[in-house]
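Hello,

Here is the structure we spoke about handing over. Please open it alongside this note; my findings follow below.

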Amino acid sequence: PISGVLFDLGFSSYHIDEAKRGFSFMRDEPLDMRYNQDTLLTAKEIVNSYPKEKIKEILVKWGEEEYAEDISNALVSFRKIKPIERTLQLLRVIEDAVPDSYRRRRISCATKTFQALRIAVNGEIFNIREGLNQALQVVQSGGRIVVISFHGTEDNEVIKFFKQNKEKLNIITSKAVTPQLEEVKENIRSRSAKLRAAIKK
């Protein structure tokens, strides 16, 4: 019997620090973004071959990017001159596409675009849905499903899943549990974490 399933939806720090697959715009790396190197789709393929409207859709849907129109236009224009193959290339295109006020924000103007491309390349939202549905099937009555998410797109999927299955679940987090200041000081990457939990009836 399985009494609980814990989902930690954050991707491994290894992928930022060591994988050299273009997950971060903090260093110059190939624009790959695949967790699994056996799959075919890369971020490079998306930005260089997808139609403008499809790129815009990805940026809006998976990144909640407010300047998706400007960024997708800039990507399509730039790739006519030469392919976008490196992370810092992509960063510069994004920076040139958005207003100065957006570039000066505390969080990089490229964050949402990189997030959206990573989600699209790896099918992350589909995998979250599949994982949650399978957890609900295997957890015994009285067992818990606990999910730690790291951005709004993930968190919204968890909220939606819990609501859709309210006849089978008792939600025990009326609002998301977030890290305390001390934890964020020790681990800066925990700052956006949100934990939600439910018990199977």
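This is a predicted model. I start with the lining of the largest pocket. Its residues divide into 18 nonpolar, 14 polar and 13 charged. The pocket itself holds about 1400 Å³ of space. In total, 45 residues line it, and those closest to its centre are Thr111, Phe150, Arg189, Arg191 and Ser192. Four elements give two or more residues to this lining: helix H1 (13–17), helix H7 (111–122), helix H9 (152–164) and strand E4 (194–200). Which of them gives the most to the lining of the largest pocket? That is H7, with 5 residues.

Next, the second largest pocket. Its volume is about 220 Å³. The lining runs through Asp8, Leu9, Gly10, Phe11, Tyr35, Arg118, Asn122, Glu124, Asn127, Ile128 and Glu154. By class, these are 4 nonpolar, 3 polar and 4 charged. H7 turns up here too: H7 and helix H8 (124–138) each supply at least two lining residues. In this pocket H8 gives the most, with 3 residues.

H7 also packs against another helix. Its partner is helix H3 (residues 52–63). The angle between H3 and H7 is about 95°, and their axes lie 8 Å apart. Angles of 65 to 115 degrees count as roughly perpendicular, so H3 and H7 are roughly perpendicular to each other. On the H3 side, the contact uses Ile58, Leu59, Trp62 and Gly63. On the H7 side, Lys112, Thr113, Gln115, Ala116, Leu117, Ile119 and Ala120 take part. The contact of H3 with H7 has 7 nonpolar, 3 polar and 1 charged residues.

Now the strands. E4, already met in the lining of the largest pocket, pairs with two others. Strand E2 (residues 139–149) runs antiparallel to E4, and 6 bridges join them. Which residue of E4 is the bridge partner of Arg144? Ile199 is. Strand E3 (residues 169–171) is also antiparallel to E4, with 3 bridges between them. There, Leu169 has Lys200 of E4 as its bridge partner.

If you want a place to begin, try H7. H7 lines the largest pocket, helps to line the second largest pocket and packs with H3. Then turn to E4, which lines the largest pocket and is bridged to E2 and to E3.

Best wishes

Note on methods: Residues are numbered from 1 along each chain as its sequence is written. This is a predicted model: local features need pLDDT of at least 70, side-chain atom pairs count only at pLDDT 80 or more; totals for chains, interfaces and linings use all residues. Side-chain values use heavy atoms; hydrogens and water are left out. On a 1 Å grid over the protein atoms alone, a cavity is a set of points where a 1.4 Å probe fits but cannot get out, and a pocket is an open set with protein on both sides within 12 Å along at least five of seven lines; lining residues have an atom within 4 Å of a point. Grid points are joined across faces, edges and corners, and a volume is the space filled by probe spheres set on the points. Ala, Val, Leu, Ile, Met, Phe, Trp, Tyr, Cys and Pro count as nonpolar, Asp, Glu, Lys and Arg as charged, and the others, Gly among them, as polar. Axes are lines fitted to C-alpha atoms, for helices over the stretch in contact, and angles run from 0 to 180 degrees between N-to-C directions. Angles under 35 degrees count as roughly parallel, over 145 as roughly antiparallel, 65 to 115 as roughly perpendicular and the rest as oblique. Contact means heavy atoms within 4.5 Å. Two strands pair if DSSP finds at least two bridges between them.
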